[in-house]
Amino acid sequence: MSHFSQIKTQIRNLPSLQAALNDLGLDWKAGPQPIRGYKGKTQSAELVIEQDNGYDIGFSKTDEAYELVADMDFWQQAWSVDRFLEQVTQRYAYHTVINTTAQQGFQVAEQVNNEDGSIRLVVQRWNA
């Protein structure tokens, strides 16, 4: 019997999550929207990624963060669930750092995308 699974994340900022999904080329819909599951069951989420097989992936807000919600029996992404979350989390962290440092008056001086997939950022701020 299939059912929705919830996977905790450290994602707390919805705009950074949306930007991360955009970076990964994923189409998403802002919620609240229902996530479609097994035998017509639904669950509400703040962000929904529709899959071609009729079963959706979503991110639902909890007290602490957003959690990934999906029926894992019907996962239909280019990556495994773990790799998907790694990719989303990396892009989310990137946007969080860029936005936070920009709010503090910093600008990106250098960005290096390393062969291992990590990203090296150098930010600077000029004081007048």
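The questions and answers below concern a predicted model.

Reader: In what order do the five strands of the open sheet stand?
Author: The pairing in this sheet is antiparallel. Strands of a sheet pair through backbone hydrogen bonds, either parallel or antiparallel. Read across the open sheet, the five strands come in the order S1-S5-S4-S3-S2.

Reader: Which strands stand at the edges of the sheet?
Author: An edge strand here has a single partner strand, so one side of it is left without a neighbour in the sheet. That applies to strand S1 (5-11) and strand S2 (29-36).

Reader: By how many degrees are neighbouring strands of this sheet turned against each other on average?
Author: The value is an average over neighbouring strands, with direction ignored. The turn is 45 degrees.

Reader: Which residue in S3 stands opposite Lys-29?
Author: S2 and strand S3 (residues 42-49) pair in the antiparallel sense over six bridges. Strand S2 covers 29-36. Opposite Lys-29, in S3, stands Val-48.

Reader: At about what angle does helix H2 run to S1?
Author: Helix H1 (residues 14-23) lies across S1, S3, strand S4 (57-61) and strand S5 (66-70), and runs at about 70 degrees to S3. Helix H2 also lies across S1, S3, S4 and S5. To S1, helix H2 runs at about 25 degrees.

Reader: Is Arg-83 buried, partly exposed or exposed?
Author: Arg-83 belongs to helix H2 (residues 81-103). Buried means under 20% relative accessible area, and exposed means over 50%. Arg-83 has a relative accessible area of 39%, so Arg-83 is partly exposed.

Definitions and conventions
Residues numbered from 1 in each chain as written. Predicted model: local features only at pLDDT ≥ 70, side-chain atom pairs only at ≥ 80, totals over all residues. Heavy atoms only, no water. Helix = DSSP H or I, 4+ residues; strand = E, 2+ residues; numbered from the N terminus. Buried < 20%, exposed > 50% of the residue type's maximum accessible area, 1.4 Å probe, protein only. Pairing = 2+ DSSP bridges. Axes fitted to C-alpha atoms, helices over the stretch in contact; angles between N-to-C directions. Contact = heavy atoms within 4.5 Å.
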